[in-house]
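Thanks, everyone, for making the time this morning. I would like to walk through one model with you, beginning from a single residue and working outwards, so please have the sequence and the structure open as I talk.

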Amino acid sequence: MLIDAHTHILSLAEDPEFTAEYGREGSLCIYRSLGLLPSHRDPTEEEWESSGFSRKGFPVIGPVESIRDHPGFDKIVILAVSPQFLDGELIGTVDSYGITDVPGPSTPEKCNDYIAAIVRSNPDVFIGFGSVNPNYRGPKAAVAELERMVNELGLTGLKLYPMYQDWSPADPVMAFPIFAKAEELGIPVLVHQAGSTRVDARMEYANPALLDAAGRHFPSMKLIIAHCGIPWIDEALFMLTKHPNFYTEVSYHIATVTREELYRFLIHAKQFFVPLEKIFFGTDYPGFLYDPVELMTKLRGVNEEADRLGTARIADEEIDGILGNNFARLMGLL
Ligand SMILES: [Zn+2]
């Protein structure tokens, strides 16, 4: 089974100008590193245009586009972004273009309704992870929304963004009620516990080791560390060794490494006592540079590197596991 365990859909803010600025800020250094934008000064409007960075920023992606860009994939995990204020603007997953059948004006407060509507429209392909933010209307409201999105909307996983939303996943008041409810509901929790290129993101809340408290207090909760905890990859891997129900997915990290480095990463994980069954394929689509087919092909080809180097191969079952079977087992699909 081929599964992309980390994708986004729809758009991130009602105001397209704000969305464009948001996307530009997060991708500035990436475009500079590719030689597409000047360093040591702000790019001009013309330079942004000719860099190839879409003027619309986070593009509007509906279910049709997502499936089009995932040829050959059996399942696509779509992740909601819960509401938060950024520079006075309420952002989060919105359906500004009326792609779903959710009635009323578009607002991030309905982020989970939009994700659920897309899953309903194609339940064979989409797996929906809702999202809550305890720093928006408090932990109690977040827990109530978590119950609603699972019991009423039928969503089967939770995505959390502590470092974007200014709360620590080790905070007993903010985080523990959410983890307790997720454990009770038996749903997996994917946490953006990794860095971010956005200036407003709080790196002090981003370390994978901050999830240790969740692992100790909620041992039967299934927790997935997003993006391999980049830039703290070994820290994330160590958390997987320590906690039986911790997993990770490779989005972002897989886009920054060569195929040989990806092969070496998998060998390193095994040497670090991380069974590869704890690792899932993910892309962070529709993020730029994150083409699902290209990244999947990179992972499928790691043994060509092993053969070239004359070193140990990764077993086919292990690669197939990362590409989808591991995640399918976590979700009870296999
Ligand atoms: Zn993401």
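Let me start with Ala5, which counts as buried because 33 other C-beta atoms lie within 10 Å, where 20 or more are enough for that label. I should say at once that this is a predicted model, and that everything I describe is read from that prediction. Ala5 is found in strand S1, and, leaving aside its neighbours within four places in sequence, Ala5 is in contact with Val77, Glu249, Phe280, Phe281, Gly282 and Phe327. For a sense of distance, Ala5 and Glu145 are 140 residues apart along the chain, and their C-alpha atoms are separated by 23 Å.

What holds for Ala5 holds for its strand, since five of the five residues of S1 are buried, and S1 is therefore largely enclosed by the rest of the structure. S1 runs parallel to S2, the two being joined by three bridges, and within that pairing Asp4 stands opposite Ile76 in S2.

That brings us to the sheet. In what order do the strands of the open sheet lie? Eight strands take part, in the order S1-S2-S5-S6-S7-S8-S9-S10, and the pairing is parallel. At the edges stand strand S1, residues 3-7, and strand S10, residues 279-280; each has a single partner strand, so one side of each is left without a neighbour in the sheet. At the S10 end, strand S9, residues 246-249, pairs with S10 in the parallel sense over two bridges, and here Glu249 stands opposite Phe280 in S10. Packing on the sheet is helix H4, residues 111-121, which touches strand S2 (75-79) and strand S5 (126-131), and whose direction makes about 170° with that of S5.

Now to the helices, of which I have picked three, and I will begin with H6, residues 139-151. At 1.5 Å a residue, the 13 residues of H6 should span 18 Å, and the end C-alpha atoms are indeed 18 Å apart, which agrees. Which residues of H6 are buried? They are Pro139, Ala142, Glu145, Leu146, Met149 and Val150, and because these cover an arc of only 125° around the axis, they sit on the same side of H6. On the other side of H6, Lys140 and Asn151 are exposed. The buried residues of H6 pack against H4 and S5, and also against helix H5 (134-137), strand S6 (157-160) and helix H8 (176-185).

The second helix is H10, residues 233-242, in which Ile233, Ala236, Leu237, Met239 and Leu240 are buried. Seen down the axis of H10, these buried residues fall within an arc of 155°, so they line one face of the helix. Their cover includes helix H9 (212-217), strand S8 (223-225), S9, H11 and helix H12 (259-271).

The third is H13, residues 292-300, where the buried residues are Pro292, Leu295 and Met296; they fall within an arc of 100° as seen down the axis, so they too line one face of their helix. On the other side of H13, Glu294 and Thr297 are exposed. The buried residues of H13 take us back to where we began, since they pack against S1, as well as against helix H11 (253-256) and helix H15 (316-330).

As a counterpart to Ala5, consider Gly52: is Gly52 buried or exposed? Gly52 is exposed, because 10 other C-beta atoms lie within 10 Å, and the label applies at 12 or fewer. Gly52 is found in the loop between helix H2 (45-51) and helix H3 (63-68), and its C-alpha atom is 9.9 Å from that of Leu37, a residue 15 places away in sequence.

Finally, let me step back to the protein as a whole. Its secondary structure comes to 15 helices and ten strands, and of its 334 residues, 46% count as buried. With that number of residues, a compact globule would have a radius of gyration near 20 Å, and the protein has 19 Å, which agrees. Taken along the principal axes, the C-alpha atoms fill a box of roughly 60 × 50 × 40 Å. Among contacts between residues at least 6 apart in sequence, 71% join residues at least 24 apart.

Notes. Residues numbered from 1 in each chain as written. Predicted model: local features only at pLDDT ≥ 70, side-chain atom pairs only at ≥ 80, totals over all residues. Helix = DSSP H or I, 4+ residues; strand = E, 2+ residues; numbered from the N terminus. Rg over C-alpha atoms; globule rule 2.2 N^0.38 Å. Contact = placed C-beta atoms within 7 Å. Pairing = 2+ DSSP bridges. Axes fitted to C-alpha atoms, helices over the stretch in contact; angles between N-to-C directions. Expected span 1.5 Å × (residues − 1). Arc of directions from axis to C-beta.
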